[in-house]
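Here are a few worked exercises to try with the structure open beside you. Have a go at each task before you read its solution.

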Amino acid sequence: MLYAFAADRGIAHRRIGKAIVATSNEQLEQLEEIRTRAVANDVHDLQFLSRNEMKSLEPEVQCVGALYSPSTGIIDSHGLMVALEGEFEHYGGMLVLKAEVTAVIPDPRGFVVEINNLESERLRTRNLVNCAGLRAVEMAQRILGARSNSIPDAYFAIGHYYRLSGRPPCKRLVYPIPVTGGLGVHLTIDLGGQARFGPDVRWIEKPDYRFDDCAKDDFVSAIQCFLPNISADQLQPDYTGVRSKISGPDRPAADFRIDGPDDHGVTGLINLFGIESPGLTSSLAIADYVVRRL
C-alpha cells in the first residue's frame, strides 16, 4: 500500500531490505517467534538466513542466524507527511495548529468538540478519531461518556540516536532481537546514505527531548553485539524521540491498540493508543482499518 502511494505521488523511497539478527543460539528461538507472529499478520516473505548466508549479504555483521525481510524499505518521511496533508486538504480537511481540545461531548448527531484558541471554539462532527500520539490517553480522558476502564495508563520512553561518521557498514537495515520497551539499538540508513544507530530505551515521567550522552558506553556495547567493528569515536549525538506507550517497564509489551465503540461504549469514536514506530509508515493501513471500524 505505501509503496504504491509513494510511487504514485513521487515520494522518494527505496526497497533495501531488513535483517533481524540473532547473536546467540538461544535467540534463534526468538526469531522463530517473530516469524510466527508475522505469518499470523499476513507477512509471508520473511526468510531465515544462516550465519554464512547473512555474512554473504552483510560481511560486517556478526550473528548466528537472521530473519530477513526483502520487502522492507526506507522513505522520505517529510515528503510522505506533505503528501498526506495534501490528500487530506484535497478531500476537504483543514489542519489547525495550536488549538487544544479541552472537551468532547457526545450528542445525538455525533460530537461537540470544545477547542481553545479557535475562532468558533466549538466544532461538530459525526465521527471522531483520537490519534493524538503522546497525548492520546489524556485526550481520551476528555471524552465524556467513554468508560474509564477502557482508557490505558500512559507511559513515556525517550530514545537516543547517534549519527555514524563515515560510510555505512551495511547496505540494509540491521536490527537485533527486540528488547523490553523497544526494538533494540539498530542500524538505519536514510535516502542520502547517512547511517544512524538507535534508539535506546529510557523510561521518563513526561516528554523531554534533551539529549543525554551519559549512557553512550551501553549504547556502543549494544551495537557491537552484531557490528563489532563500530567504535565509540565514530558516533556523534544526533537526535532524540519520545515514544507514547501503554505498557510500562515491568509489563508485557503492548502497542498499536485501536479501540472502537465495543471497547469504550461511545458510538462514532475510535481511540488509537500506543501508536509508535512504525506509525508513520503504517499510517495508510491504520487509516484503512479505522474507516472499516466506523
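**Exercise 1. Find which residues have the most contacts inside the largest nonpolar core, and which elements supply it.**

Step 1. The largest nonpolar core has 24 residues, and Val21, Phe197 and Leu227 have the most contacts inside it. A nonpolar core here is a set of buried Ala, Val, Leu, Ile, Met, Phe, Trp, Tyr and Cys residues joined through side-chain atoms within 4.5 Å. Buried means under 20% relative accessible area, exposed is over 50%, and partly exposed is in between (1.4 Å probe, protein chains only).

Step 2. A word on the model: it is a predicted one, where local features need pLDDT of at least 70 and side-chain atom pairs count only at pLDDT 80 or more, while totals for chains, interfaces and linings use all residues. Residues are numbered from 1 along each chain as its sequence is written, and side-chain values use heavy atoms, with hydrogens and water left out.

Step 3. Now the suppliers: strand E2 (18-22), strand E4 (65-69), E10, strand E12 (186-189), E13 and H6 each put in at least two residues. Helices (H or I, at least four residues) and strands (E, at least two) are DSSP runs, numbered from the N terminus. H6 gives the most to this core, with three residues.

Step 4. Apart from this core lies another one, of eleven residues, with Ile16, Ile20, Ala22 and Leu31 among them. As background, nonpolar side chains tend to be buried together in soluble globular proteins.

**Exercise 2. Work out which residues of H6 are buried and what covers them.**

Step 1. Lys216, Phe219, Val220 and Ile223 are the buried ones in H6. They span an arc of only 95 degrees around the axis, so they sit on the same side of H6; the arc is that of the directions from the helix axis to the C-beta atoms.

Step 2. Turn to the face pointing away from the buried side of H6, and you meet the exposed residues Asp217 and Asp218.

Step 3. The cover over the buried residues of H6 includes E10, strand E13 (195-198) and strand E15 (235-245). Contact means heavy atoms within 4.5 Å.

**Exercise 3. Place E13 among its partner strands and say which of its residues are buried.**

Step 1. E12 and E13 run antiparallel, joined by four bridges. Two strands pair if DSSP finds at least two bridges between them. Histidine 186 has glycine 198 as its bridge partner in E13, and threonine 188 stands opposite arginine 196.

Step 2. The two strands make a hairpin with five residues between them, and glycine 193 in the turn has a positive phi of about 90 degrees.

Step 3. E10 is also antiparallel to E13, through two bridges. Here tyrosine 162 is partnered by phenylalanine 197.

Step 4. Both faces of E13 are covered: Ala195 and Phe197 are buried on one side, Arg196 and Gly198 on the other. Phenylalanine 197 touches residues including His160, Leu187, Phe219 and Leu235.

Step 5. Just past the strand, glycine 198 and proline 199 are joined by a cis peptide bond, with omega about -10 degrees. Proline 199 belongs to the loop between E13 and E14.

**Exercise 4. Find the aromatic pairs and look at the geometry of tyrosine 162 and phenylalanine 211.**

Step 1. Searching the whole structure gives three aromatic pairs. Rings of Phe, Tyr and Trp (its six-membered ring) pair if their centres lie within 6.5 Å; planes under 30 degrees apart count as stacked, over 60 as edge-to-face and the rest as tilted.

Step 2. For tyrosine 162 and phenylalanine 211, the ring centres are 5.3 Å apart and the planes are at 85 degrees, so this pair is edge-to-face.

Step 3. Tyrosine 162 is in strand E10 (residues 155-164) and phenylalanine 211 is in the loop between strand E14 (202-204) and helix H6 (216-224), so the pair ties together parts 49 residues apart in sequence.

Step 4. Check accessibility: tyrosine 162 is buried at 0%, whereas phenylalanine 211 is partly exposed at 29%. Ring pairs link Tyr162, Phe211 and Phe219 into a cluster.

**Exercise 5. Locate aspartate 42 and lysine 98, and give the sign of phi for each.**

Step 1. Aspartate 42 has a positive phi of about 65 degrees although it isn't a glycine. Its loop runs between helix H2 (25-40) and strand E3 (47-50), and at 64% relative accessibility aspartate 42 is exposed.

Step 2. Lysine 98, also not a glycine, has a positive phi of about 55 degrees. Lysine 98 lies in the loop between helix H4 (77-90) and strand E6 (101-107) and is exposed at 79%.

Note on methods. Lists of a residue's contacts leave out its neighbours within four places in sequence.
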